[in-house]
Amino acid sequence: MSKRFFPLAVPAVALTLAIAGCGGGPGSTGDGSAAGPGTVGTEPAVVPPGPGAFGALASVPKLGLVLVDAEGRTLYGFEGDRDGESRCYGACARDWPPLLTDGAPQTSNGTSAARLSATRRRDGETQVTYGGHPLYSYRGDRKPGEANGQGAAAFGGHWFALTGNGKPAG
């Protein structure tokens with residue numbers, strides 16, 4: 001069963017204010033000020049997007065700001081894709097699940113509406129794209145902030161996290 005994306009618009013300003021008002025959690029110094037990415041505790045400092053949002057930019061250790069899904073998990077592009085169309089099906093899609101949508105994808109937390117789109121897959125599903133790259137998660141990323149798929153060579157190409165300008169990270 002594939003993960004579905006159900007878009008809900010979440011204003012980036014409200015999200016930023018809500019996050020800024022929180023203190024004492026991961027990424028916090030304990031005095032209400034925020035620490036740098038990945039500098040406190042064992043958890044990386046990830047700014048998760050609001051419930052149901054397409055995704056956001058979040059700080060991932062060693063990569064900086066990259067696209068993440070609504071659960072804070074890193075999103076990837078695949079160099080084997082061509083002309084904005086996915087070439088990842090079967091075993092590939094089991095390891096690298098496509099980010100699917102039933103409606104128009106929404107931007108959140110620093111992502112660009114001009115770069116956000118969707119493409120019809122040959123299996124009939126609609127996959128979210130960013131900067132012309134179909135988006136995927138990676139089953140090897142077990143929690144938000146991980147990027148274990150960065151630079152992986154699998155299924156005839158390399159996989160890469162995407163930055164806010166739609167280019168490969170790293």
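C92 is buried, at 3% relative accessibility. Here, buried means under 20% relative accessible area, exposed means over 50%, and partly exposed lies in between, with a 1.4 Å probe and protein chains only. C88 is buried too, and its relative accessible area is 0%. The model is predicted: local features need pLDDT of at least 70, side-chain atom pairs count only at pLDDT 80 or more, and totals for chains, interfaces and linings use all residues. Residues are numbered from 1 along each chain as its sequence is written, and side-chain values use heavy atoms, with hydrogens and water left out.

C88 and C92 are joined by a disulfide, with an S to S distance of 2.0 Å. A disulfide is counted when a pair of cysteine sulfur atoms lies within 2.5 Å. By this rule, the count is one. In general, such a link is a covalent bond between the sulfur atoms of two cysteines. The torsion about the S-S bond of C88 and C92 is about -110°, so this disulfide is left-handed.

C88 also belongs to a nonpolar core. Such a core is a set of buried Ala, Val, Leu, Ile, Met, Phe, Trp, Tyr and Cys residues joined through side-chain atoms within 4.5 Å. The largest one has 13 residues. Those with the most contacts inside it are L63, V66, C88, W96, Y136, W159 and A161. At least two residues of this core come from each of β3, α2 (91-95) and β8. Helices (H or I, at least four residues) and strands (E, at least two) are DSSP runs, numbered from the N terminus. Another core, of eleven residues, lies apart from the largest one. Its members include Y130, L135, F160 and L162. In soluble globular proteins, nonpolar side chains tend to be buried together.

Contacts of C88 were also listed, with contact meaning heavy atoms within 4.5 Å. Leaving out residues up to four places away in sequence, C88 touches D81, A93, W96, R121, Y136 and W159.

The strands were examined next. Two strands pair if DSSP finds at least two bridges between them. One open sheet has three strands in the order β3-β8-β7, with antiparallel pairing. Its edge strands are β3 (76-78) and β7 (153-154), each paired on one side only. Three bridges connect β3 with β8 (residues 157-161). In β8, F160 stands opposite G77.

Another open sheet of three strands follows the order β4-β5-β6, and its pairing is antiparallel. At its edges are β4 (116-120) and β6 (133-134), each pairing on one side only. Two bridges join β5 (residues 126-130) to β6. Y130 has H133, in β6, as its bridge partner.
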